[in-house]
Amino acid sequence: MTDLSKYRNIGIFAHVDAGKTTSTERILKLTGKIHKMGDTHDGESTTDFMEQEAERGITIQSAATTCFWNDHRLNIIDTPGHVDFTIEVYRSLKVLDGGIGVFCGSGGVEPQSETNWRYADESKVSRLIFVNKLDRMGADFYKVCDQVQNVLGATPLVMTLPIGIEDDFSGVVDVLSQKAYVWDDSGLPENYEIQDVPADMADKAAEYREMLIETALEQDEDLMMAYLEEGEEPSLEDIKRCIRKGTRDLAFFPTYCGSAYKNKGIQLVLDAVVDYLPSPTEVDPQPLTDSETGEPTGEVATVSASEPLKALAFKIMDDRFGALTFIRIYSGKMKKGDTVLNSATGKTERIGRMVEMHADERNEIDSAQAGDIIAVVGMKNVQTGHTLCDPKHECTLEPMIFPEPVISIAVKPKDKGGSEKMGIAIGKMVAEDPSFQVETDEDSGETILKGMGELHLDIKVDILKRTYGVELEVGAPQVAYRETITQPVEDSYTHKKQSGGSGQFAKIDYRIKPGEPNSGFKFSSSVVGGNVPKEFWPAVEKGFEGMMENGVLAGFPTLDVEVELFDGGFHAVDSSAIAYEIAAKGAFRQSMPKAGAQLLEPIMKVDVFTPEDHVGDVIGDLNRRRGMIKDQQAGTTGVRIKGDVPLSEMFGYIGSLRTMTSGRGQFSMEFSHYSACPANVAETVIAEVKERNAKK
């Protein structure tokens, strides 16, 4: 039996370019997992093993690895920072017990840091903060701590202070022990000395120590009273216990500083992972849900090896050895040769090869237990979010919810033989990434790829070309518009068909009105006296709901509509469920244009970083793109501009931004909400759709 208190399942997450992958490399080197450190600068890091990752210097898919520190086992997941791959962060957080949020010492709390932080809050994941890159121009540890407080609304518990800054950054002061860790210039992580706190920092270090103890002791009233009333300082064990409790309860976040690239400050972060982040048994157990309704049952998956098996498949990856299913085991044990039940499909699967992952390398194992994160080779019908359990004790773990794609492109293979190859490749890619969706346009036969942004789809096309050898012709990006209505309508529709033998008859009187934003489709019936028999109401609802997929303006899905059936008529012989369903479909086509049908467009939350001298150009350009500027924040190295901009106006924006800012601007965007299209834009979109349909 493995001691679960010695396990730490952690993730490393942050904004693009804050240094997550470099931090992971340093951790692996320090723990003896790798002997030569790779760098994202050279395209040689361990966890960025895809060609696309090495070239672009970004992380695209989360990578898992295992290492040991102070006889504790650390299962680490390095996640992407780019907003288009947020799904990877979200699903990784779902299976982790703790995390390290990495912030850039000069960039501070950036847009994607906010999104990831929000996801981590929703998943109730305890975190440490590591302020990285303190050797960079414009780095300011104290400013980043302020931003954590003001932008994220979180309490940083400062555990280390930087000695020197930018080029003079040489080490850190451990606030709790009041010792200085100073590294030499060799760049080797083990070359450091423990010294007394530099004289010019003594007052500051003492002040921060007092703040640390006061914040930590809020977790224990007795210790707090003894400290305040009698000035009795608690023991180091007691302080650490309080920090551990507060970290677990998300009351505060122990905050460290350093430079991963220069190998300074990482040891203290690893010690903190062991000291303050929870083991699998210390976090709230995962709730179980009803497999039909998705509602919580009130039961939980207790983290214990002696319970029946409960595990969640959180990621599927296809590589040169076949399909890999990443699994977090919450309860019980899993052994090679076991038969497990997939509660989502109702089918059983046999566990073949089990492996422990180290980025794209693997070590074969024979068994795993509660608390482990492992991968199983060759599972057939398991998808992301499926629960694997003991066939005698069926259960469903809380599933994952994935965002809807907002952008699509049409692709077709350049040669005839590519079609089958493309079909197989896309099947594998959809299994790997639930935010990537594919459909076939029935009229034109084109394949439509849908994703979270231009970069997301760009990478997918690149993978199809390089990994699977499918050359593609790619169409212009298309925006996922929606339709809705703006005014209520009361109407009547009769479906009558007589063609020898039994006929069809259904009459419905109904009201259609706009629903609340994000309410989807709602149906109600207030028919009295049996004019439309109760058994036909579901058919009427089915008819209306079925039509919501294709709106009357341009065939886009319709949002936020309420339908009330209040009267109608029926025929004792000729009325049937199918007749009422057909009547409802006809009623939808008849009444939606009368209800002020309107086109909606996706609005993106855009966050642009620009040097100060280009602020005017950037704002002017966003205004021309129909953007609404919401906020401006000046920083040491430039200005962040936040606003809402329609997605249709943002294609190719990175090129324009780089031109305007001499290559120094950056931006990120994520879907915010749907909003009414201006009339001139709506007319153009509808005309384009009609023209496309005419060509088909």
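Select Lys 240 first. In this predicted model, Lys 240 is partly exposed, with a relative accessible area of 31%. Now add Asp 275. At 28% relative accessibility, Asp 275 also counts as partly exposed. Draw the link between the two: Asp 275 and Lys 240 form a salt bridge, and their closest N and O atoms are 3.4 Å apart. Colour the two helices next. Lys 240 sits in helix α8 (residues 236-248) and Asp 275 in helix α9 (residues 266-276), so the salt bridge ties together parts that are 35 residues apart in sequence.

Move on to a network. Select Asp 220, Asp 238 and Arg 241. What links these residues? Salt bridges connect Asp 220, Asp 238 and Arg 241 in a network. For the wider view, a search of the whole structure finds 27 salt bridges.

**Residues 621 to 649**

Jump to Arg 625 and show Asp 621 with it. The two form a salt bridge, with the closest N and O atoms 2.9 Å apart. Are Arg 625 and Asp 621 buried or exposed? Both are buried. Each therefore has under 20% relative accessible area.

Next, pick Arg 626 and Glu 649. Their closest N and O atoms are 3.1 Å apart, and the pair forms a salt bridge. Both ends sit in loops: Glu 649 in the one between β36 (639-646) and α15 (653-660), Arg 626 in the one between α14 (615-624) and β35 (628-634). The pair therefore ties together parts that are 23 residues apart in sequence. Check the surface here. Glu 649 is partly exposed, with a relative accessible area of 26%. Arg 626 is partly exposed too, at 27%.

**Strand β26 and its partners**

Leave the salt bridges and select residues 447-451, which make up strand β26. How many of its five residues are buried? Four of the five are, so the strand is mostly covered.

Bring in strand β24 (residues 407-413). β24 and β26 pair in the antiparallel sense over five bridges. To find the register, select Ile 407: opposite it in β26 stands Gly 451.

Now show strand β25 (residues 437-440). β25 and β26 run antiparallel, and four bridges join them. Which residue of β26 is the bridge partner of Glu 439? It is Ile 448. Turn on side chains along the strands as a last step. In a regular strand, side chains alternate between the two faces of the sheet.

Key
Residues numbered from 1 in each chain as written. Predicted model: local features only at pLDDT ≥ 70, side-chain atom pairs only at ≥ 80, totals over all residues. Heavy atoms only, no water. Salt bridge = Lys/Arg side-chain N within 4 Å of Asp/Glu carboxyl O. Buried < 20%, exposed > 50% of the residue type's maximum accessible area, 1.4 Å probe, protein only. Pairing = 2+ DSSP bridges.
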